[in-house]
Structures are given as C-alpha cells and as structure tokens.
Amino acid sequence: MKYRSAFHSRVRITAAAAALLLGAAIPVPAFAEGPGAMHTEEEMVHLSDNNLEWYEIDGLISEYNPTVVKNRNEFNTDKRRTMDAQEVTDYLLTEADRMDSLSDSFADTAAVMAANYRNQANSLRLQAESNVTDSEVIRLQYDLIEKQTAAAARTAFLDYYSGLYEKEYADANVAYLERLYQSAATKKNVGMGTEIELLTAQENLDNARAGRLSTESAIGSSRNSVLVMCGWAFDSAGVIGPLPEMTPEAAMAVSYDADLAAAQERNLTLQIDRIKLRNAQTGNYTTLIVEQNQNQLNTDTNTFGVNFKGAYDKLVNAVTAYNNAVSDKAAADLNLATADRQLSLGTISPIDHAKAQNAQKASELALRKAYIGMISARSAYDDAVSGNI
C-alpha cells in the first residue's frame with residue numbers, strides 16, 4: 001500500500017463555496033468519526049491503494065481530501081452540530097458577549113486587539129439578527145462543498161487526459177512543421193520560394209513548439225491537482241486510471257423531465273433555501289426576514305431551472321459534437337488512404353502526403369477531445385441530478 005497524506009495540502013474551493021463558509025461562519029459537518037467509517041472494508045481496499053480510478057473520486061474526496069477531512073474533524077467537536085436556528089442565534093449572541101468581554105480586557109493594553117474583538121462582536125450580533133441557519137443547513141452547505149470538490153477533481157482528471165492527447169498531437173505536428181520549414185528553406189535556396197514563406201514557416205514552427213511546452217506544463221498541473229485533491233501527497237507517484245467508457249447512446253440515456261424533478265428536489269442550494277424559509281416562517285422573525293428568504297428561494301429556483309436546462313443542452317451538444325468528430329475522423333482516414341496510394345504511384349509529393357497524415361492526426365485529436373467532452377457533459381448532468389448545480 002502506498003503512502004497517502006490526507007493533510008499535505010489544501011484544496012481550492014469555488015468562490016461560491018467560500019462564500020458559504022464565510023456566510024455561515026460554522027465548521028463542516030461530519031457523518032462518521034474517522035477514515036473508513038463511510039465505506040465498506042472492500043471499498044477501502046480500493047480507495048487506499050495507489051491507483052486513482054474515475055469511479056473512486058467521490059469516495060477518495062470523502063475519505064482523503066484534506067479540507068473535507070479537516071472540516072469533518074472540526075465539526076465533531078462543534079457545539080452547534082445539533083442546534084436549531086434559535087439555538088444557533090443564542091450561540092452567536094453568547095459569542096458576541098464573549099468578544100465584548102475580551103475587548104474590554106484589552107482596552108488599556110492593546111487597543112488594536114480590543115477593536116478587533118469589538119468588531120467581531122458586532123459582526124456576530126449582525127448575523128444573529130437575521131440568522132435562520134440550523135444544523136441541517138450547516139450539513140447541507142458542506143455537503144455542497146464536498147460535491148463541488150469532487151466535481152473539480154473529475155474536471156482535473158479529464159483535463160489530464162486531454163493534455164496527454166494534445167501532447168501526442170503536438171509532437172506529430174511539430175515534426176510536420178519542421179518538414180515544412182525545411183521545405184520552405186530548400187525552395188528559397190533554389191529560388192523557388194520567398195523570404196515571407198520561410199518566415200511564416202518558422203513562425204508556425206516556433207508557435208507549435210511553444211504550445212507543446214504549455215501543454216506539457218498543463219499535463220503536470222492537472223495530474224498534480226487531481227492527485228492532491230484525492231488525498232495523495234503533492235510529490236507522490238499515484239497512478240491515474242483510464243478514462244471511463246462512454247457511448248453516445250449511454251450518454252443520452254436520460255429522462256429530462258424526471259431528472260429535472262429529481263434534481264430540483266435534491267438540489268442542495270434549494271434545500272438550504274427551503275429550510276431557511278421554514279425557519280423564518282416558524283420562528284420569531286420579522287416579515288422582512290421572511291420575505292428575504294422567500295425571495296432567495298425564488299431567485300435560486302429560477303437560476304436552478306436555467307442551469308439545469310443548460311446542463312442538458314451541453315450534453316446534447318457534446319454528443320452531437322462527438323458524432324460529428326467520428327464522421328470527420330472517418331473522412332480524414334479515407335483521405336489519408338487515398339494519399340497513401342497516390343504517394344506509392346508518385347502522383348503527390350512527400351510533403352502533400354505529410355499534410356494528409358497531419359490532418360488525420362488532427363482529426364484523431366478532435367475525436368478524442370470530443371469523447372472527453374461527452375464524458376464531461378454527462379458527468380456535469382449527473383452532478384446536477386444529484387444536487388450539485
């Protein structure tokens with residue numbers, strides 16, 4: 001079993017997730033006491049080896065992601081993990097009083113520290129005035145962060161393979177452009193080419209070489225990102241597994257209306273909004289607080305509808321793009337086969353044949369990237385159905 005550090009680095013979360021953290025000012029909830037408690041022994045055998053498989057990402061994030069694990073441990077000792085909204089409000093006010101006391105204790109010796117504590121007290125009281133957050137809301141907020149982190153890991157996984165495919169084509173393209181440059185230089189030397197043609201060939205070659213270096217860097221970045229998010233140390237030699245298998249038929253095996261209803265019910269943001277509105281309606285809150293939470297639910301519901309339709313449309317477009325790429329690749333294969341015959345008959349030049357080869361490789365890259373795009377679109381759609389959009 002290879003070493004994996006669950007605390008070697010921290011995960012970058014989205015701005016929306018960060019806003020949730022700041023707004024709630026409450027640690028992450030947990031549903032188990034330690035590693036392995038959420039998965040069977042057999043599942044843990046797979047999760048704890050040195051292989052990162054596509055289907056393991058959710059489990060790896062849950063068990064080993066540094067931020068998720070840290071937040072889970074913090075929640076296990078947090079006093080608010082079983083509180084209702086009123087109890088959370090009382091807790092915030094108690095903490096505000098404590099900050100005031102600390103401010104008073106430093107008033108004569110450390111004015112800056114005293115002011116800082118006083119500001120914290122005022123901030124806590126401001127939160128308490130409109131607080132409708134309870135332990136259930138807190139749990140859902142951090143469920144959302146965990147789901148967003150898993151989605152980011154899947155994106156990095158796919159980016160890694162996209163980079164590998166781009167690098168493979170970049171190598172072939174550089175070799176092709178080197179031939180074009182040599183051809184342009186030869187033509188110029190014998191008076192059959194111009195300086196502009198040579199400079200253009202040189203520029204194209206230089207750009208391709210620079211692009212290849214950029215691609216190599218992106219591959220390393222994506223690889224490191226997905227491994228670290230899934231719990232490996234930054235300098236580990238974790239093995240990234242293959243892409244998942246996907247066909248256009250499987251990608252489109254969805255039921256939009258049924259999925260829409262399920263997604264709306266499961267959507268974590270909407271669940272949070274509903275609970276907050278319920279707490280506002282049943283608690284001792286002003287009409288303004290109730291209206292604010294109702295408006296928030298209405299806004300987020302509309303946003304959800306637009307985003308879910310967008311996820312479905314992207315899936316449809318990705319499948320169409322893949323099918324088109326399949327056709328384009330077949331046409332490029334046929335053109336290359338024709339060029340092979342023509343080269344053997346001496347009816348085209350080696351450079352023209354190389355052009356057909358390069359076009360075929362470009363179509364192969366396009367097909368591979370379209371395949372990744374189809375996987376990505378279906379993954380995003382499934383994520384939306386599961387509550388994260």
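Angles over 145 degrees between helix axes count as roughly antiparallel, and those that are neither roughly parallel, antiparallel nor perpendicular count as oblique. The exercises below concern a predicted model.

**Exercise 1.** Determine how helix 7 and helix 11 are oriented to each other, and which residues form their contact.

*Solution.* Step 1: the axes of helix 7 and helix 11 (residues 268-282) cross at roughly 165 degrees and come within 9 Å. Step 2: the cut-off is 145 degrees, and the two helices are therefore roughly antiparallel. Step 3: the crossing of helix 7 past helix 11 is left-handed. Step 4: on the helix 7 side, the contact includes Val 137, Leu 140 and Leu 144, while helix 11 contributes residues including Leu 268, Ile 272 and Ile 275. Step 5: by class, this contact comprises six nonpolar, three polar and five charged residues.

**Exercise 2.** Compare the expected span of helix 7 with the distance between its end C-alpha atoms, and describe its two ends.

*Solution.* Step 1: helix 7 has 55 residues (residues 135-189), so at 1.5 Å a residue it should span 81 Å. Step 2: the end C-alpha atoms are 78 Å apart, which agrees. Step 3: at the N-terminal end, Asp 134 acts as the cap, with a side-chain oxygen 3.1 Å from the backbone nitrogen of Glu 136. Step 4: after helix 7 comes Gly 191, with a positive phi near 80 degrees.

**Exercise 3.** Classify the packing of helix 3 and helix 4.

*Solution.* Step 1: the axes of helix 3 (residues 57-64) and helix 4 (residues 66-75) are 6 Å apart, at an angle of about 45 degrees. Step 2: these helices are therefore oblique to each other. Step 3: Ile 61, Ser 62, Glu 63 and Tyr 64 of helix 3 meet Pro 66, Val 68, Val 69 and Arg 72 of helix 4. Step 4: five of the contact residues are nonpolar, one is polar and two are charged.

Key:
Residues numbered from 1 in each chain as written. Predicted model: local features only at pLDDT ≥ 70, side-chain atom pairs only at ≥ 80, totals over all residues. Heavy atoms only, no water. Helix = DSSP H or I, 4+ residues; strand = E, 2+ residues; numbered from the N terminus. Expected span 1.5 Å × (residues − 1). Polar contact = N/O pair within 3.5 Å; in protein donor to acceptor, adjacent residues only side chain to side chain. Axes fitted to C-alpha atoms, helices over the stretch in contact; angles between N-to-C directions. Parallel < 35°, antiparallel > 145°, perpendicular 65-115°, else oblique. Left-handed = near helix turned anticlockwise from the far one by under 90°. Contact = heavy atoms within 4.5 Å. Nonpolar A, V, L, I, M, F, W, Y, C, P; charged D, E, K, R; others polar.
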